[in-house]
Amino acid sequence: MLHEELNQKNDNIERYKDRLTKFSSEFELGLFMVIAKKSIWWILFFFSCAAVIVYLYLRYTQPLFESKAVIQLTNSDKVNRILEVGNVYETNNKLAEAVEVLKSKVFLQRVAQKLNLSVTYYNEGTFKSYELYKASPFFIDIKLKNESLYTEKLYVVFDASSKTGRLLVGENKKLSYAFSIDKWIRNQDMEFSVSYNPEMEKAECINSIKNLERPYIICNSENNIISYVQSKLEVKVINEQSQSISVGFKDAVPHKAADITNAVVEEFKTYGVEKESESSKNILSFIDGQLNNVFYDLKTSETQLEDFRKKNNYGLNNEIKKTSELQYSSVEDQLLKIELDEKILGELQKDLQNRKSIDSYQLISMVTGTEDELSIRGATSDLQKLLVEKENLLYMVTPNSDAIKQINAQIETQKKLLIESIFSFRNKMKSRYLNLKQKSDALASEFISKPDKDIEYARLMRLFSINEKYYTLLLEKKTEFSISNAGYVSQTSILEKAEPARSSFSPSKKNALLIGFLGATVISILLIIIRYLMHDQIVSLNEITKHTHAGVSILGIIPSYDKSMPASQLVVDKNPKSVMAESFRSIRTNLQFISSNPDAKLIALTSTVSGEGKTFVALNLAGIIAFSGKKVVIVDLDMRKPKIHKGFGVSNSKGMSTLLIGTNTLEECINKSSVSNLDFITAGPVPPNPSELIIGKRMDEIIERLKAMYDIVIIDNPPVGLVTDALPIIQKADYPIYVFRSEYSKKNYIQILDRLQNENSISKISVVLNGVDINRRGYGYNYGYGYGYGYGYGSKYGYYDDRDTEKKKKFWKKSKKIRIS
């Protein structure tokens with residue numbers, strides 16, 4: 001059983017694949033157009049749904065407004081260029097840095113602190129809410145203790161006086177707190193105070209409060225504000241040459257969008273100045289600390305020198321000015337320079353020993369101006385580059401990111417290398433100092449005869465000079481960096497401030513209509529294509545001839561009958577000149593080509609399943625032959641589901657079943673119809689063994705007697721797709737006819753026709769296509785038999801009311817029967 005189900009599923013899949021492969025090669029435009037017309041109600045339904053959806057979208061979607069500002073990046077650091085003080089922040093990609101800074105959470109945190117968005121006010125309508133930005137008649141100063149209340153709706157319900165009310169928490173009002181105007185309310189969840197808008201008159205506030213439907217507020221944390229601004233902020237480069245950037249913000253309130261945009265660009269200007277001057281501030285702070293220490297040493301040496309002069313009455317006019325003394329003075333100057341550098345590096349070593357670390361900017365500033373500055377400038381330059389890279393990364397990532405941690409490690413490594421270089425240079429300086437000291441001592445021995453006062457005075461003078469020069473150097477550096485710091489101005493120029501938008505950009509009516517139209521069109525086309533691919537019904541004689549392996553004779557087609565069907569189902573006598581009558585005359589004529597034997601009298605009709613119209617064809621074919629003057633009898637051999645007696649309105653108490661078992665004679669079973677030369681025999685009561693009765697010798701005898709009594713004998717057989725009762729009669733018939741119904745019979749029914757020809761050796765079998773709508777020739781769907789036609793039956797085709805098809809009760813099955821002119 002499972003194997004059979006799998007085989008059946010595989011057959012269905014292969015059949016569907018075969019349809020897809022044949023779609024392009026065997027595409028029939030006429031069929032496609034007819035299916036499209038049959039789907040018109042679905043298409044109208046899709047377009048109606050699209051129109052309703054578009055209307056609801058435009059009506060109830062919150063409109064969005066966009067405000068934009070334009071900024072331009074400039075370089076105004078002229079003082080640094082004049083003083084040739086390096087700026088470690090200069091990079092070649094300012095635009096990319098600026099865009100990343102504007103989008104970063106670190107920067108937006110500063111913006112969030114400047115914006116007054118901790119509480120937002122809304123008025124809730126039936127379908128959507130409106131924000132009361134700077135238009136709320138009341139203000140709430142609130143401090144939440146319970147963080148779960150952030151982003152929760154807090155409904156503000158005023159009493160009739162609008163002076164008292166209650167604050168309700170959440171949609172279900174799970175918490176409620178009473179309040180009075182201008183009074184603080186404190187509880188375990190929050191502290192809040194409600195007041196009127198100070199920019200409005202009290203009476204105006206009260207009236208506005210009464211006009212509100214359901215006012216509520218939402219408290220926003222700083223992170224919520226940052227996420228909100230970041231999600232709606234749009235930053236993009238306008239022109240790289242002019243270094244201009246567009247900053248836009250989208251919101252449902254145009255004034256709010258403009259205010260936030262302007263706040264972002266203003267804060268960006270301030271942020272840029274602060275970041276650029278940060279290095280100078282750090283260096284100035286370090287220099288100030290060193291000045292205090294050096295000033296104390298300078299003051300001490302100055303005091304000692306002054307005390308020596310007063311005590312020994314020693315004047316500058318007593319100094320030795322001879323050539324040997326000048327040489328001694330030159331050596332002393334070199335010693336002084338070395339001692340100065342040694343003092344600077346000694347301060348650095350002392351600071352490192354005390355703090356175990358030192359700021360990188362301070363480290364660079366301390367080694368600047370020393371004698372060995374050029375020797376260690378390479379290491380200093382590498383450190384500066386790393387600092388620049390770090391500052392650039394801070395625009396894009398947080399200080400705790402892996403990228404910052406990695407570059408911090410590189411900076412520490414470079415700093416250690418620089419410090420080791422400094423210590424190495426200090427050792428070299430000590431060695432040089434010793435050599436100069438020896439030379440100085442040698443020169444000093446020449447003045448051994450000089451008083452000790454001169455030697456002491458020279459020593460004190462040297463110490464004073466060292467401190468004085470170091471102090472002067474620090475003052476010079478402080479002045480340079482102070483001027484540099486003053487030279488930092490904003491490198492951002494606001495070319496265009498944001499203004500409140502006058503019209504919304506979303507939802508777009510044009511885009512909504514276009515999307516709705518395209519969506520309905522695509523769905524409609526998909527429906528038609530699917531129905532076309534899934535279409536498995538016979539609609540033309542061409543399909544019958546195309547799917548039969550052996551040749552099959554085509555008798556003709558029968559058009560659908562749109563008028564009210566008479567009970568007898570005999571319609572050819574109602575209007576002999578109608579298309580219906582002509583179609584049966586054509587079949588009557590074509591029968592002559594099936595067999596030219598003058599003794600050929602037996603016509604047997606069958607179909608695959610019930611409802612294909614074989615009884616209708618049998619009755620009207622009998623009627624049209626009777627009109628030609630021949631005696632015709634029609635026999636209802638469908639004893640399982642008899643119909644002939646219903647059509648003629650007679651009793652079915654006797655007929656073929658009773659005739660075959662010998663209960664009644666042939667004469668007793670023959671009934672006269674209202675049409676001249678047309679008689680009929682009903683099926684009789686339903687027997688338990690119709691197949692055995694039909695294959696018996698009694699059946700052959702009855703047929704021979706009827707052939708002797710009538711010119712034409714027409715037998716209405718049961719469907720061969722359901723039972724095999726009809727096979728013996730079809731094999732004996734002179735004119736075996738197989739009936740298909742347009743837009744009802746399945747294409748696989750043709751396989752049964754093939755089996756009748758090949759396996760049952762019924763070579764003379766011919767085909768009639770019933771139920772063709774000949775009014776649909778406008779689609780070019782012509783089948784080569786003189787009729788351009790389409791699909792379906794009229795809704796009044798009563799012959800088909802008795803067939804067992806629950807699917808016809810469905811709306812779309814019923815709608816396909818409606819003729820659309």
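User: Which side chain makes a polar contact of 2.6 Å with the side chain of glutamate 124?
Analyst: The side chain of arginine 214 does. A polar contact here is a pair of N or O atoms within 3.5 Å; within protein, one must be able to donate a hydrogen and the other to accept it, and residues adjacent in sequence count only if both atoms are side-chain atoms. The side chains of glutamate 124 and tyrosine 155 are also joined by a polar contact, of 3.0 Å.

User: What sort of model is this, and how are residues numbered?
Analyst: This is a predicted model, where local features need pLDDT of at least 70 and side-chain atom pairs count only at pLDDT 80 or more, while totals for chains, interfaces and linings use all residues. Residues are numbered from 1 along each chain as its sequence is written, and side-chain values use heavy atoms, with hydrogens and water left out.

User: Back to glutamate 124: buried or exposed?
Analyst: Glutamate 124 is buried, at 9% relative accessible area. Buried means under 20%, exposed over 50%, and partly exposed in between, with a 1.4 Å probe and protein chains only. Glutamate 124 sits in strand 2, residues 119-124. Strands (E, at least two residues) and helices (H or I, at least four) are DSSP runs numbered from the N terminus.

User: What else does glutamate 124 touch?
Analyst: Leaving aside neighbours within four places in sequence, glutamate 124 is in contact (heavy atoms within 4.5 Å) with residues including Lys153, Glu171 and Tyr216.

User: Where does lysine 153 lie relative to tyrosine 216?
Analyst: Lysine 153 is over the face of tyrosine 216, 4.9 Å from the ring centre. A charge sits over a ring if NZ of Lys or CZ of Arg is within 6 Å of the ring centre and within 35 degrees of the ring normal. The charged end of arginine 741 likewise sits over a ring, that of tyrosine 744, at 4.7 Å from its centre.

User: New topic. How many aromatic pairs does a search of the whole structure find?
Analyst: The search finds 19. Rings of Phe, Tyr and Trp (its six-membered ring) pair if their centres lie within 6.5 Å; planes under 30 degrees apart count as stacked, over 60 as edge-to-face and the rest as tilted. One pair is tryptophan 42 with phenylalanine 46: the centres are 6.0 Å apart and the planes are at 35 degrees, so this pair is tilted.

User: Where are those two in helix 3?
Analyst: Tryptophan 42 and phenylalanine 46 are four residues apart there, about one helical turn. Tryptophan 42 is partly exposed at 33% relative accessible area, whereas phenylalanine 46 counts as buried at 17%.

User: And how are phenylalanine 584 and phenylalanine 616 arranged?
Analyst: Their ring centres are 6.1 Å apart and the planes are at 65 degrees, so the pair is edge-to-face. Phenylalanine 584 is in helix 17 (579-594) and phenylalanine 616 in helix 18 (614-627), so the pair ties together parts 32 residues apart in sequence. Both phenylalanines are buried.

User: How about helix 2, enclosed or not, and why?
Analyst: Helix 2 (residues 29-38) is largely enclosed by the rest of the structure, because seven of its 10 residues are buried. Phe32, Ile35 and Lys38 are among them. The cover over the buried residues of helix 2 includes helix 3 (40-60) and helix 15 (509-534).

User: Which residue does arginine 531 of helix 15 join by a polar contact between side chains?
Analyst: That residue is serine 39, at 2.8 Å. Arginine 531 counts as buried, at 18% relative accessibility. Its C-alpha is 7.3 Å from that of isoleucine 35, although the two are 496 residues apart in sequence.

User: Last one: how many residues are in the largest nonpolar core?
Analyst: The largest nonpolar core has 50 residues, and those with the most contacts inside it include Ile544, Met656 and Phe740. Such a core is a set of buried Ala, Val, Leu, Ile, Met, Phe, Trp, Tyr and Cys residues joined through side-chain atoms within 4.5 Å. Not counting residues up to four places away in sequence, methionine 656 touches Ile681, Met699 and Ile702, among others. Apart from the largest core lies another of 36 residues, with Met580 and Phe648 among them.
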